[in-house]
Amino acid sequence: MYCPRCKAEYTEGITECKQCKVPLGTNTNEIDLEDNTEVASIKPVKLTSVANDIEAKMLLSYLQSYGISCYKKDVKIGGYMNLYMGYSIFGEDIYVDVDEYDIAVDLLQSMEDSDLVEESKKDYNNLDDESNSVKIPFFKKRTLVARIILALAVISTVLCIVIDNL
């Protein structure tokens, strides 16, 4: 059985939750769950982008441990690719509340990956200047690499069919 407020597991015979001190009983509808429930809306701003779901979850956990409201969002059709293939080549965007943005950037700066912070500052300030853009080698562009692999697969399939027919 589970506590109706904090969802902690407990066994039969326990009358009070050890974590949130809610009285436990057979009728959980009698417990007023709204006394400690707060739902705050945030004004999201993109903090950074990460390569995959694992990095996104790690970063979200890190930010949430400091009390920063944040969430992740799949880039392009990444959500469908995660469902279908188990991974996405498009990455994930991390969003935080606009009021907590500076704190989140400071936390990211304390981490070793300074490229993440520079990218997030560019996104936040909307710098579209060509001189400020960093040249990325073609093999690090995920969509280009995926298209090349797909083209090679199609070409090799066509060649196999043609050779079999000869």
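Patches are made of residues with over 30% relative accessible area and no salt bridge, with like charges joined within 9 Å and nonpolar side chains (Val, Leu, Ile, Met, Phe, Trp, Tyr) within 5 Å. Salt bridges here need a side-chain nitrogen of Lys or Arg within 4 Å of a carboxyl oxygen of Asp or Glu. Accessible areas come from the Shrake-Rupley method with a 1.4 Å probe, and for residues only the protein chains shown count as cover.

The model is predicted: local features need pLDDT of at least 70, side-chain atom pairs count only at pLDDT 80 or more, and totals for chains, interfaces and linings use all residues. Residues are numbered from 1 along each chain as its sequence is written, and side-chain values use heavy atoms, with hydrogens and water left out.

**View 1. The whole chain holds 5 helices and 3 strands.** Helices (H or I, at least four residues) and strands (E, at least two) are DSSP runs, numbered from the N terminus. Read from the N terminus, the elements follow the order β-α-β-α-β-α-α-α. The chain has 166 residues, and 24% of them are buried. Buried means under 20% relative accessible area, exposed means over 50%, and partly exposed lies in between (1.4 Å probe, protein chains only). The protein chain exposes about 12600 Å². Carbon and sulfur atoms supply 56% of that area. A contact means heavy atoms within 4.5 Å. Take the contacts between residues at least 6 apart in sequence: 52% of them join residues at least 24 apart.

**View 2. An open sheet of 3 strands has the order E1-E3-E2.** Its pairing is antiparallel. The edges are held by E1 (44-50) and E2 (70-74), each with a single partner strand, so one side of each lacks a neighbour in the sheet. On average, neighbouring strands are turned by 30° against each other, direction ignored. Axes are lines fitted to C-alpha atoms, for helices over the stretch in contact; angles run from 0 to 180 degrees between N-to-C directions. Helix H1 (residues 53-65) packs on this sheet and touches E1, E2 and E3. The direction of H1 makes about 165° with that of E2.

**View 3. Strand E3 pairs with E1 and with E2.** Two strands pair if DSSP finds at least two bridges between them. Strands of a sheet pair through backbone hydrogen bonds, either parallel or antiparallel. E1 and E3 are joined by 6 bridges in the antiparallel sense. Val-45 stands opposite Val-96 of E3. E2 pairs with E3 (residues 92-97) over 5 bridges, again in the antiparallel sense. Here Lys-73 faces Asp-93, and Asp-74 has Glu-92 as its bridge partner. E3 is mostly covered, with 6 of its 6 residues buried.

**View 4. A salt bridge joins Asp-93 and Lys-46.** The N to O distance is 3.5 Å. Asp-93 belongs to strand E3 and Lys-46 to strand E1, so the pair links distant parts of the chain, 47 residues apart. Asp-93 counts as buried, at 10% relative accessibility. Lys-46 counts as partly exposed, at 23%. By the salt-bridge rule, the count comes to 4.

**View 5. Lys-72 meets Asp-53 in one salt bridge and Glu-92 in another.** Between Asp-53 and Lys-72, the N to O distance is 2.7 Å. This pair links helix H1 to strand E2, parts of the chain 19 residues apart. Asp-53 is partly exposed, with a relative accessible area of 22%. Lys-72 is partly exposed too, at 30%. The closest N and O atoms of Glu-92 and Lys-72 are 3.5 Å apart. Glu-92 lies in E3 and Lys-72 in E2, so this salt bridge ties together parts 20 residues apart in sequence. Glu-92 is buried, with a relative accessible area of 1%. Shared partners join Asp-53, Lys-57, Lys-72 and Glu-92 into one salt-bridge network.

**View 6. Leu-150, Val-154, Val-158, Val-162 and Leu-166 form a nonpolar surface patch.** Together these residues have about 520 Å² of accessible area. Leu-166 lies in the segment after helix H5 (142-165). Leu-166 is exposed, with a relative accessible area of 85%.
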